[in-house]
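Subject: Structure handover and notes

Hi,

Here is the structure I promised you. Please open it alongside this email, as my notes follow below.

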Amino acid sequence: MRVSAATLAVLNPRPVAGRPGVDPETRGSVMVIVLWVGFGLVSVALYFAHSMSLELRAADNRVAAIQAEQAINGAARYVGYLLSELDEPGMAPDVDASLYEAVPVGEANFWLIGRGDDADTLDLPLFGLVDEASKLNLNTATLEMLELLPGMTAEFAAAIIDWRDSDSEPGSGGVEDDTYLRLNPPYHCKNGDFESVEELRLVYGATLEILYGEDLNRNGVLDPNENDGDVSPPPDNRDGHLDPGILEYLTVYTRAPQSGSSATDSTSATGSGTADSSGTIYDVTQTNRTEVITLLGEQLGEERASQISQQLATANDITSVLEFFARSGMTADEFALVEANLGAGTNQLGLINVNTASEAVLTCIPGIGTENAGTVVAERLSNPEGTCSVAWVADVLSEEAIKEAGPYLIGRTYQFTADIAALGRHGRGYRRVRLVFDTSSGTPQVLFRQDLTHLGWALGAEVREQLQLARQLWR
Ligand SMILES: [Ca+2]
Ligand SMILES: [Ca+2]
Ligand SMILES: [Ca+2]
Ligand SMILES: [Ca+2]
């Protein structure tokens, strides 16, 4: 290539005449120093830019987390409102499931993690409220009932009974103070009621396997790490089926409105088809059933009430609402008018909602057991949806089984859990809180609040993918 003289002159300028020439070596050193200083300045600028961007991102995450926490508070109010506006006391709120999923609160969103109706394993979470009355009550279930829970061991069931019973005599296979005091650190056996299901962690013999099973994040869904064997915790059997721990089946909150008490305020019962707008509960186990008969008279007419009264004249050993119905000769429609106002005994603790309990829980109930649980679930699926009655159970069970199972059953639920997960802006700041609501007094109250953020992501793969897509758009 030929280079013109002019170009050469530009590339290699001669010292201008009249100016003292600078030594080329000095010129090189200056050049190197300038380069280094320049390089240093750029590095400092880059360093500050980077730490600023980290700082910004951290601030953004903090903002997102605060937004998520506020969304959870918003969700709690929303659920409280839904539960105060129930069409029928004891029935889950009748709202579209979409109102439980990705509900926006400002820039944040919340989800209510629910549970399915059947034993099918879910690979994506269902959204809704969790029905506490679909579970066994830790404080009222008998040893035999606890032993029938999936994943339960005979020793642990016995230890649970000893933990809550008031004496210090170990039952068969159970443990009391002498065992607890030998632990390191030692502590006493409670000898009192469970206040939360998590208290089971203190009971002798508790393991993560018994309590949590494969459902490490407690969302009712088979997440990838829960179906990969020992590759990642928890250990699981890789069978494509979620085997949850006993926490899934247990509650301590179930309590129906008690006899003589008012379940609902008059405004919420009006027009609901409920018999007695005062919501008073009448005890069917009393031999002198004058109040119950008066109630029947108000709803079905005096003539029908006296027929029913005669039918029940010799029935002095009734122990449950279900048995009362089965022996009264009432039709299911007649019974539906009064059922919300009937109770059995003064203690209405730990009743299980036969309309919502899983087959695993129904199996634990005396009189139902393994032999009838499948039939009960099949009959329930053929019911018209949305019943809050126990009457249909009388068609499935024998007289004897009704006598046995009746005292454990109810058709309604008065305690619901809102398992709330929330994300702040840009899908960041994941938070999860579980709140237990009690509606048995008519006005929803929060009984328990527990932070579950530490259990990690619980919203399944689909929500995560949607967020990743959205994040790419935000960039
Ligand atoms: Ca004890
Ligand atoms: Ca899970
Ligand atoms: Ca695993
Ligand atoms: Ca499994």
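Which residues of helix 8 are buried? Within residues 290–300, they are Val292, Leu295, Leu296 and Leu300. These four span an arc of only 105° around the axis, so they sit on the same side of helix 8. The elements covering them include strand 6 (282–283), helix 9 (302–311) and helix 11 (332–338). Right after helix 8 comes Gly301, with a positive phi near 95°.

Please keep in mind that this is a predicted model.

The core

The largest nonpolar core has 98 residues. Seven of them touch the most other members: Ala75, Phe110, Ile352, Leu409, Ala418, Ile420 and Ala422. Helix 2 gives the most to this core, with eight residues. As background, nonpolar side chains in soluble globular proteins tend to be buried together.

Ile420 is a good place to zoom in. Setting aside residues within four places in sequence, Ile420 contacts Ile72, Ala75, Phe110 and Leu112. Its contacts also include Arg432, Val433 and Leu435.

Arg432 and its hairpin

Is Arg432 buried or exposed? Arg432 has 26 other C-beta atoms within 10 Å, and the cut-off for buried is 20 or more, so Arg432 is buried. Arg432 belongs to strand 11 (residues 431–438). Beyond four places in sequence, Arg432 touches Ile420, Ala421, Leu452, Thr453, Leu455 and Ala458. Ala357 is another matter: 75 residues separate Ala357 and Arg432 along the chain, and their C-alpha atoms are 25 Å apart.

Strand 11 runs antiparallel to strand 12 (residues 445–451), and six bridges join them. Across that pairing, Arg434 stands opposite Gln450. The hairpin has six residues between the two strands. Gly442 in this hairpin has a positive phi, near 100°.

Backbone points to check

Two peptide bonds are cis.

- Asn184 to Pro185 has omega near 0°. Pro185 is in the loop between helix 5 (177–180) and helix 6 (208–212).
- Pro233 to Pro234 also has omega near 0°. Pro234 is in the loop between helix 6 and strand 5 (250–251).

Which residues other than glycine have a positive phi? I noted Ala102 and Arg238.

- Ala102 has phi near 50°. It lies in the loop between helix 2 (24–84) and strand 1 (103–105). Ala102 counts as partly exposed, because 13 C-beta neighbours fall inside 10 Å.
- Arg238 has phi near 55°. It is found in the loop between helix 6 and strand 5, as is Pro234. Arg238 is partly exposed, with 13 other C-beta atoms within 10 Å.

Helix 16

How many of the 15 residues of helix 16 are buried? The number is one, so helix 16 lies largely in the open. Helix 16 covers residues 460–474. From first C-alpha to last it reaches 22 Å, close to the 21 Å expected at 1.5 Å a residue.

To recap, helix 8 has its buried residues on the same side, while helix 16 is largely in the open. Arg432 is buried in strand 11, and Ile420 is among its contacts.

Best wishes

Conventions
Residues are numbered from 1 along each chain as its sequence is written. Chains are lettered from A and ligands numbered from 1 in the order in which they are written. This is a predicted model: local features need pLDDT of at least 70, side-chain atom pairs count only at pLDDT 80 or more; totals for chains, interfaces and linings use all residues. A residue is buried if 20 or more other C-beta atoms lie within 10 Å of its own, exposed if 12 or fewer, and partly exposed in between; C-beta atoms are placed from the backbone. The arc is that of the directions from the helix axis to the C-beta atoms. Two residues are in contact if their C-beta atoms, placed from the backbone, lie within 7 Å. Two strands pair if DSSP finds at least two bridges between them. The expected span of a helix is 1.5 Å times one less than its number of residues. A nonpolar core is a set of buried Ala, Val, Leu, Ile, Met, Phe, Trp, Tyr and Cys residues joined through C-beta atoms within 7 Å.
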